[in-house]
Amino acid sequence: MNPGHMRMSGAPLKKGEFKKNIKKLVLFMKPYLIPILIALVFTAGATVLSIYAPQILSDLVNVITAGLLTGAPVVMSDVARFAVILIIFYACNALCTYTSSYIMTTVSQRMCRKLRTQISEKINRVPLKYFDSHPYGDTLSRVTNDVDTIGNSMQQGVSMVVQSVCMLVGVLIAMFVTSWQLALTVLIIVPFMALLLFVILKFSQPQFRKMQDELAVLNSKVEENYSGQLVIKAFNAEKRTGADFDKTNKKLKNCTFKAQALSSIMQPAMTFISYFAYAAVCVVAGLMITDPQSGVNFGTLSAFLVYVNLFQSPLSQIAQAANVLQSAAAASGRVFAFLEEEELSDESDKKYLLKDGVRGEVEFRHVRFGYSPDRVIIPDFSAKIQPGWKVAIVGPTGAGKTTMVNLLMRFYEVNSGDILIDGVSIKDMPREEVHDLFGMVLQDTWMFAGTLRENIAYSKDVSDEEIRKACDAAGISHFIATQPGGLDHYVENGDEISGGQKQLITIARAMVENAPMLILDEATSNVDTRTEEVIQEAMDNLTHGRTSFVIAHRLSTIKNADMILVMRDGNIIEQGNHEELIAKDGFYAQLYNSQFAGDC
Ligand SMILES: Nc1ncnc2c1ncn2[C@@H]1O[C@H](COP(=O)(O)OP(=O)(O)OP(=O)(O)O)[C@@H](O)[C@H]1O
Ligand SMILES: [Mg+2]
């Protein structure tokens, strides 16, 4: 997989894209607006409480210092009263913070679940050609990484921004209300802080983006190495792949280091600058305290020292939130791009047309098709297959045999021409009906994590007796009997089953399906010749009276076909039964004789 082909989460966003993506995210969040607003009210509440608390602290200090200055005893009941109020304030603050983060966590997790559900439903609705041009890892990372990034940024980013803005505004108001002279003193540091923020963000942002890019490259390398382990070992390529991985790993380390090192300067530098504010506030307040007219006392001073601290934190929080929102925008761009992919056309208004039984006549009428518009694979294909025929499609690799089957199953739509079953165009039937008409054994065997029984019965509800019969016919009963648990043996991913055994299982699956027509694409290419003969017999029994399409490279297996279509470069160059084609002494005869010679 070439990661350069995909937009990675966190990759630099084009101008305007950030806004567009965030807008989509906000629209998606609409149903959760009320809980989000409630959470934000709690966040604002917590912020207000933490801003107001220094006022009480100020009162508390004043109660104590009043006694010290006048020599009168400290009124302990007042001290206790203010202390209790202060504790209640902070307790309410903690409660508000917890409630808001609880709501935000619930909302963001619900949102993630909804996004994942939508993506997984979407996977069933995009046409197969989507999968041809999008690597598996890419879609996988949209379901996992990108959705997670969105969830986390929702949880942190949104409340972080609200909290910081509330805090900033609140602290400013509180400071000006308390003493405008001291408030102005604190504000002197703002330009320095802003400059610092600007410089750090300017240098750290590109490093953060680069970091996410490199992380994506690293992920795809891990995936590649994982899936290609056997080939890597067989070609002794461990050193090469190891060095390649090391290079990416080092790059990732370097930019992560730079990004983190730069952004970790932020906090200490902010604190450092804020010490100037502390000093300035102390000096100015010290001068003012001596003047009773100024209204500044020790309480004001202590409150201001807390304000200076409260004032510098939202600035760096806003900077962090900018980072978080940036990656949320990138991730939501990728997720929504997938959700907006073109879907298979809606067929809910189409009715099943061949409900009353299928004869099995199949006609290809001037079919023209290419996977991409600029490369035609099948230029003009016509053939008429009588009900109950066994049709063999033969031809060299890449001739377009599997492509024909893909078109017959409506996995892809023809560019022009038509395919008719019993005289009805498959375009007029719902796709599900076409799929119901054919039992299919694909060239690529596929098994999922589940028991052998589940793998064979798959989408059907069938009795054990039927499964057993199918297994007998497919010649897989012995294998199943030797597995611990028999049909209940759990298969992780099919890697522990040989290629031939997998094919037999998929044949049993097609037999259980018991569809009116059958397609076998290289169904027995991986099994030994003796097993193949047994299956051949079972297949012949199964296909007896049913129209079936058999693709086989081993021509001995299709000798008894009613019709053999010989394909080359997407065209049918010869057609007829075995004897006719041999007599013709054309391409088929050449193919057959070369195999026959090879077998000897
Ligand atoms: N999903 C796809 N996207 C683009 N091109 C494809 C796709 N699948 C197949 N092709 C191309 O279409 C041509 C026909 O492929 P097809 O799979 O039909 O061959 P085949 O006759 O089944 O070969 P084989 O005997 O190797 O199975 C090939 O040139 C192949 O590269
Ligand atoms: Mg093929």
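Is the crossing of α3 and α10 left-handed or right-handed? I opened the predicted model with that question and worked outwards from the two helices.

**Entry 1: the helix pair.** I looked up the bounds: α3 covers residues 76-123 and α10 covers residues 298-339. Their axes come within 9 Å and cross at roughly 40°. I noted α3 as oblique to α10, because angles from 0 to 180 degrees that are neither roughly parallel, roughly antiparallel nor roughly perpendicular count as oblique. The crossing is left-handed, which settles the opening question.

**Entry 2: the contact.** I then listed the residues that meet. From α3 I wrote down L115, Q118, I119 and K122; from α10, V335, F338 and L339. By class, this contact of α3 with α10 has 5 nonpolar residues, 1 polar and 1 charged.

**Entry 3: the domains.** Next I checked how the chain is divided. Domain 1 spans 3-339 and domain 2 spans 362-599. Taken over C-alpha atoms, the centres of domain 1 and domain 2 are separated by 57 Å.

**Entry 4: the ligand.** Which residues surround ligand 1? I found D132, Y371, I377 and G395, then T397, G398, A399, G400, K401, T402 and T403, and finally Q443. I sorted this shell by class and got 7 polar, 3 nonpolar and 2 charged residues. I also asked which helix gives the largest share of the shell around ligand 1. Helix α11, residues 401-408, does so with 3 residues.

Notes: Residues numbered from 1 in each chain as written. Chains lettered and ligands numbered in written order. Predicted model: local features only at pLDDT ≥ 70, side-chain atom pairs only at ≥ 80, totals over all residues. Near = placed C-beta within 6 Å. Helix = DSSP H or I, 4+ residues; strand = E, 2+ residues; numbered from the N terminus. Nonpolar A, V, L, I, M, F, W, Y, C, P; charged D, E, K, R; others polar. Domains from an automatic or database assignment. Parallel < 35°, antiparallel > 145°, perpendicular 65-115°, else oblique. Left-handed = near helix turned anticlockwise from the far one by under 90°. Contact = placed C-beta atoms within 7 Å.
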